[in-house]
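Subject: Structure handover

Hello,

Here is the structure I said I would pass on. Please open it beside this email and follow the notes below.

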Amino acid sequence: MGEKSNLIYDYGFNGNEWFAIGLIVVGMAGVLMLPKRFTPMETLFNLLFGVFMGLMFDHTIAVEPFDLYDVGDQAKYQLFDLFSYFMYAPFGYFFIYGCEWLRIKHTGVLLYIIGWTVFAIAVEWIGVKMGLFHYKHGFTILFSIPIYLFVQSLHLVLYRLIFHKIGVEKERHAS
């Protein structure tokens with residue numbers, strides 16, 4: 001495969017960068033202001049899960065051979081693109097925070113995940129309007145729906161598997 005052509009969508013530091021910075025600042029301020037519910041390990045897991053999943057999907061479906069969308073001002077990655085992945089950190093934290101705070105279980109989990117998917121699609125749509133995401137080759141925002149459903153389901157399953165087990169082990173050793 002040849003080298004990817006560098007489509008340039010924008011030249012300046014403007015709306016798409018400010019949108020990503022705003023999500024990071026407002027999101028992290030919310031994380032810091034909420035009452036603490038998690039251990040430092042749980043907090044780190046929930047913050048980094050979103051960053052990791054954003055990187056993983058961008059480096060699978062947003063690159064050759066798929067190349068379904070670009071992030072930022074150019075098709076080629078820039079330094080700010082790496083920084084922009086941190087906008088996903090607070091979403092993962094808030095997703096698990098809400099689920100644990102509301103004690104969502106059973107069929108409520110499905111409705112909760114659907115609600116968060118609708119919210120994620122709305123935020124992505126704003127990102128498209130701000131010039132942060134640029135769809136290509138027939139990709140549309142609707143294709144993000146199964147990705148969000150998968151990512152949020154995986155996040156919740158892994159969180160509960162890992163940290164429920166740790167909690168059970170702590171209880172055993174405390175008794």
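Arg160 is partly exposed, because its relative accessibility is 27%. Its partner in a salt bridge is Glu100, with N and O 3.3 Å apart. The two residues sit in distant parts of the chain, Arg160 in helix 6 and Glu100 in helix 4, 60 residues apart. Glu100 is also partly exposed, since its relative accessible area is 24%. Please keep in mind throughout that this is a predicted model.

Overall layout

The protein chain contains six helices and two strands. In sequence order the pattern is α-α-β-α-α-α-β-α. The C-alpha trace spans about 60 × 30 × 30 Å along its principal axes. Of the 175 residues, 42% are buried. Among contacts with a separation of 6 or more, 81% are between residues 24 or more positions apart. The accessible surface is about 10,300 Å², and carbon and sulfur atoms account for 74% of that.

The other salt bridges

How many salt bridges does the structure hold? There are three, and the one between Arg160 and Glu100 was described above. Asp67 pairs with Lys136, and their closest N and O atoms are 2.8 Å apart. Asp67 is in the loop between helix 2 and strand 1, while Lys136 is in the loop between strand 2 (133–135) and helix 6, so this bridge ties together parts that are 69 residues apart in sequence. Lys136 also meets Asp70 in a salt bridge, at 3.1 Å from N to O. Asp70 belongs to strand 1, so its bridge to the loop that holds Lys136 ties together parts 66 residues apart in sequence. Asp67, Asp70 and Lys136 are thus linked in a network of salt bridges.

Are the members of this network buried or exposed? Asp67 and Lys136 are both buried. Lys136 counts as buried because its relative accessibility is 11%, and the cut-off for buried is under 20%. Asp70 is buried as well, with a relative accessible area of 2%.

The nonpolar core

The largest nonpolar core has 40 residues, and the members that touch the most others are Phe57, Tyr69, Met87 and Phe95. Two or more residues each come from helix 1 (15–33), helix 2 (40–58), strand 1 (69–71), helix 4 (89–101), helix 5 (107–129) and helix 6 (144–174). Take Phe95 as a case to look at: beyond its neighbours within four places in sequence, Phe95 is in contact with Tyr112, Ile113, Trp116, Gln152, His155 and Leu156.

Helix 5

Helix 5 has 23 residues, which at 1.5 Å a residue should span 33 Å; the end C-alpha atoms are 34 Å apart, in agreement with that. The buried residues of helix 5 include Tyr112, Ile113 and Trp116, which are also among the contacts of Phe95. Thr117 is another residue of helix 5. Thr117 is buried because its relative accessible area is 5%. Leaving out residues up to four places away in sequence, Thr117 touches Ile145, Tyr148, Leu149 and Gln152.

Helix 5 also contributes to the surface. A nonpolar patch there is formed by Leu110, Leu111, Ile114, Val118, Leu142, Ile145 and Leu149, with about 640 Å² of accessible area together. Helix 5 and helix 6 each supply at least two of these residues, and the largest share, four residues, comes from helix 5. Leu111 is one residue of helix 5 to look at. Leu111 counts as exposed because its relative accessibility is 62%, and exposed means over 50%.

Backbone details

Most residues other than glycine have a negative phi, and most peptide bonds are trans. A few places here depart from that pattern. The peptide bond from Glu64 to Pro65 is cis, with omega near 10°. Pro65 is in the loop between helix 2 and strand 1.

Arg103 has a positive phi near 55°, and His106 has a positive phi of about 55°. Arg103 lies in the loop between helix 4 and helix 5, and the place of His106 is also the loop between helix 4 and helix 5. Arg103 is exposed, with a relative accessible area of 66%. His106 is exposed too, with a relative accessible area of 72%. Gly131, just after helix 5, takes a positive phi of about 90°.

Regards

Terms used. Residues are numbered from 1 along each chain as its sequence is written. This is a predicted model: local features need pLDDT of at least 70, side-chain atom pairs count only at pLDDT 80 or more; totals for chains, interfaces and linings use all residues. Side-chain values use heavy atoms; hydrogens and water are left out. A nonpolar core is a set of buried Ala, Val, Leu, Ile, Met, Phe, Trp, Tyr and Cys residues joined through side-chain atoms within 4.5 Å. Buried means under 20% relative accessible area, exposed over 50%, partly exposed in between (1.4 Å probe, protein chains only). Contact means heavy atoms within 4.5 Å. Patches are made of residues with over 30% relative accessible area and no salt bridge: like charges are joined within 9 Å, nonpolar side chains (Val, Leu, Ile, Met, Phe, Trp, Tyr) within 5 Å. Accessible areas come from the Shrake-Rupley method with a 1.4 Å probe; for residues, only the protein chains shown count as cover. A salt bridge is a side-chain nitrogen of Lys or Arg within 4 Å of a carboxyl oxygen of Asp or Glu. The expected span of a helix is 1.5 Å times one less than its number of residues.
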